[in-house]
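Reader: I'd like a close look at one small spot in the backbone, please. Could you start there and then work outwards to the rest?

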Amino acid sequence: MRDNTLKYLLVLPAVFVVFATAIWPLIESLRLSFTVGRLNRPGSLDQYLGWENFTWAFSQEPAFWNSVWVTAIYTVLTVALTTLFALGLAMLLAPGGKFRSGVQTLLILPFAMSPALIGVSFRFMFNPEFGLFDAFFGVMIPPLADVSWLADPVLAFAVCVMADVWGWIPFLTLVLIGGLASVPQDTIEAAQVDGASGWRVFKDVTLPQLAPVLAVVIILKSIFSLKTFDQIFMLTNGGPGTATQTLSHYIYFNGMKYGQIGYAASVAWLMVIPMIFLTYAYAKFVFRKD
Amino acid sequence: MAEVSLKNLTKRWGDFIGVDNQSLEIHDREFLVLLGPSGCGKTTTMRMIAGLEDPTDGEIWIGDRMVNDDLPKDRDVAMVFQNYGLYPHMTIFDNIAYPLRVRGTPKSEIEPRVKKAAEQVELTEFLHRKPKALSGGQRQRVALARAIVRTPKVFLMDEPLSNLDAKLRVTMRAELKHLSRALKITTIYVTHDQIEAMTLADRVAVMKNGIIQQLGTPDEIYNDPANLFVAGFIGSPAMNLINGSVQDGHFVTTGGTKLVPVSAPDRPDVVLGVRADDMRVSEEGQGGIDVRIYAFENTGEATLLTVQWGKQRVIAKGDRHLRKDQDDMVSITLDPDHLYLFDPETGNRIKS
């Protein structure tokens with residue numbers, strides 16, 4: 001057998017696996033998004049509907065817009081808070097920072113937990129009867145003593161954000177520590193001797209040199225925040241009402257719970273649009289020529 | 001303009017002693033070089049003066065102010081780093097202007113001063129570029145310009161030439177010397193390169209293991225070394241150190257050869273130091289001692305003869321027109337006026 005033929009034969013199984021598990025489902029979901037696609041109605045998976053699923057989402061579904069807003073606010077808040085906390089921690093933990101060594105290992109702990117588990121444990125800790133945080137906040141901030149955290153739309157949203165920020169800080173911190181380590185120490189020392197205060201050294205010298213890494217961190221976290229599902233599913237299940245229903249959760253509900261698989265597929269494809277922008281920006285920063 | 005004085009300065013990291021209880025007075029407008037092998041504490045000393053490292057003990061005075069508790073920004077020093085420490089995201093103009101900007105210099109003053117500093121280091125045409133578009137020598141000049149754009153009390157230079165190639169280093173060394181004479185600002189310069197130390201310094205402090213071995217002018221360091229370490233460290237090729245004893249007013253090698261009259265009392269163990277320049281090479285039988293050539297090297301400006309002297313090898317410098325070959329015999333004569341005797345135990349110089 002010629003080498004030329006053999007090399008194609010050897011990659012064939014891998015190509016097949018990728019096609020069966022990624023490409024085909026993608027194509028199939030795209031096809032479904034243009035059908036009536038009701039799981040409880042035989043034949044509807046092949047019933048062509050045109051663009052109606054998409055227009056329906058935009059014009060007839062307040063719940064769709066609600067989840068778009070929830071996702072948007074959730075993304076902005078979690079990205080901003082996680083990045084800020086992670087940057088602060090990274091500054092403290094980076095080489096030359098104030099607390100190194102042992103603390104770094106401890107920091108990784110939240111990252112070792114699956115998001116679903118984070119969801120469950122946060123729900124547990126905000127339980128009005130025996131939740132640790134519920135009791136803690138009740139004592140520290142008396143007006144919050146009698147609130148039922150997960151029953152209040154704003155507070156439930158806040159708990160979701162809190163859980164997400166808590167879970168993602170370690171990863172972002174580690175990436176930023178790496179970024180800070182690559183900022184040449186002598187540029188920082190040069191600025192100190194040149195007469196810059198601590199804040200100005202950070203603003204004029206450290207931050208500009210950290211910018212590419214920071215951009216990657218923000219883009220990555222935006223992608224992660226946009227597709228949040230498991231944590232919300234376990235923590236609030238989108239509730240109370242639809243106060244914490246992200247797009248992913250909305251898609252899941254429509255597809256799996258209501259059986260509107262065609263409609264769910266079309267909303268999922270709508271979500272692809274911001275993802276493409278972010279992925280493009282990410283690729284641009286990661287593979288940038290300098 | 002200011003004196004710098006270090007009083008019993010010590011830096012320890014755990015059990016490791018970087019700088020060991022050193023005191024040093026650096027005069028106003030003096031160019032002082034801290035010279036020593038890597039790990040000798042010279043850079044640590046400089047970083048403590050800059051405020052980038054906290055001393056474990058002792059005092060640092062700049063002018064009439066003790067600066068131990070001052071941040072680097074408040075010490076009014078300017079520093080040139082080994083890796084230049086340029087801000088990669090700023091243009092050359094902004095790099096040079098940075099010390100002025102952070103110190104609140106009026107905008108109208110910044111441009112003329114940056115231009116003047118750039119002129120002094122011949123960089124005017126590169127002001128709009130970023131550091132990465134410059135060569136190593138040009139980057140070094142930017143670092144210099146950034147230091148001289150202000151008039152600090154003290155210049156600190158941490159091996160500023162060691163990242164340049166050999167040829168450029170010689171050029172930059174001359175420029176640096178010219179500039180420092182023109183500016184007349186107290187300068188502390190760290191290097192492991194003895195030629196830089198010899199050529200640039202008003203005074204040199206030779207350091208080893210956190211201790212200043214000798215402080216003196218380049219002449220004193222070269223011609224009057226205080227101990228074995230300084231004798232061996234300064235000079236290229238290194239000073240020849242020959243083991244032996246003093247008997248009846250003569251130095252006698254361990255092999256038993258009576259070598260040269262010395263003015264020192266008799267003693268069993270002694271090290272004789274003699275520079276390659278202070279040995280005269282002549283044809284076999286026409287001088288002091290006949291020896292066999294182990295290696296003959298022609299450097300162009302001189303010839304270096306490594307000769308076998310009993311069990312030891314010694315390097316002598318010959319005339320640049322001398323031509324010999326390995327295993328040839330030559331005669332070596334020592335200049336009795338330029339010999340140094342050291343105690344092999346303590347390393348200290350034995351002065352007559």
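**A loop residue and its surroundings**

Author: Happily! B:Glu122 sits in chain B, in the loop that joins helix H3 (107-120) to helix H4 (136-148). Helices (H or I, at least four residues) and strands (E, at least two) are runs assigned by DSSP and numbered from the N terminus. Please keep in mind that this is a predicted model, in which local features need pLDDT of at least 70, side-chain atom pairs count only at pLDDT 80 or more, and totals for chains, interfaces and linings use all residues; side-chain values use heavy atoms, with hydrogens and water left out. Residues are numbered from 1 along each chain as its sequence is written, while chains are lettered from A and ligands numbered from 1 in the order in which they are written.

What makes B:Glu122 worth a look is its backbone: phi is positive, about 55°, although the residue is not a glycine. B:Glu122 counts as exposed because its relative accessibility is 52%. The classes used here are buried (under 20% relative accessible area), exposed (over 50%) and partly exposed in between, with a 1.4 Å probe and protein chains only.

B:Asp248 makes a good companion to that residue. B:Asp248 is not a glycine, yet its phi is positive at about 50°. This aspartate belongs to the loop of chain B between E11 and strand E12 (250-253). With a relative accessible area of 62%, B:Asp248 is exposed. On the other side of strand E11 (240-247), the loop that comes from helix H8 (228-233) holds B:Pro237. There the backbone has a cis peptide bond, from B:Ser236 to B:Pro237, with omega near 0°.

Now to the strands of chain B. B:Arg12 is part of strand E1 (residues 4-13), and it counts as partly exposed because its relative accessibility is 38%. Apart from its neighbours within four places in sequence, B:Arg12 is in contact (heavy atoms within 4.5 Å) with B:Ile17 and B:Thr56. B:Ala316 lies 304 residues away from B:Arg12 in sequence, and their C-alpha atoms are 42 Å apart.

Strand E2 (residues 16-26) carries B:Glu25, which counts as partly exposed because its relative accessibility is 44%. B:Glu25 joins B:Glu3, B:Asp28 and B:Asp64 in a negative surface patch. Patches are made of residues with over 30% relative accessible area and no salt bridge, joining like charges within 9 Å and nonpolar side chains (Val, Leu, Ile, Met, Phe, Trp, Tyr) within 5 Å. A salt bridge is a side-chain nitrogen of Lys or Arg within 4 Å of a carboxyl oxygen of Asp or Glu. Lys and Arg count as positive and Asp and Glu as negative, leaving out His and the chain ends, and each charge is placed at NZ of Lys, CZ of Arg, CG of Asp or CD of Glu.

Stepping back, chain B has eight helices and 20 strands. Of its 352 residues, 52% are buried. Its charged side chains come to 44 positive and 49 negative, and the centres of the two sets are 7 Å apart. About 16200 Å² of chain B is exposed, and carbon and sulfur atoms supply 46% of that area. Accessible areas come from the Shrake-Rupley method with a 1.4 Å probe, and for residues only the protein chains shown count as cover.

Chain A is built from 12 helices and zero strands. Its C-alpha trace spans about 75 × 70 × 35 Å along the principal axes, and 40% of its 290 residues count as buried. The accessible surface of chain A is about 16000 Å², with 73% of it belonging to carbon and sulfur atoms. Chain A has 16 positive and 16 negative charges, whose mean positions are 8 Å apart.

A nonpolar patch of about 700 Å² lies on the surface of chain A, formed by A:Phe58, A:Trp65, A:Trp69, A:Ile73, A:Leu77, A:Leu81 and A:Phe85. Helix H3 (residues 62-93) of chain A gives the most to this patch, six residues. A:Phe58 comes from helix H2 (residues 52-60), and it counts as partly exposed because its relative accessibility is 41%.
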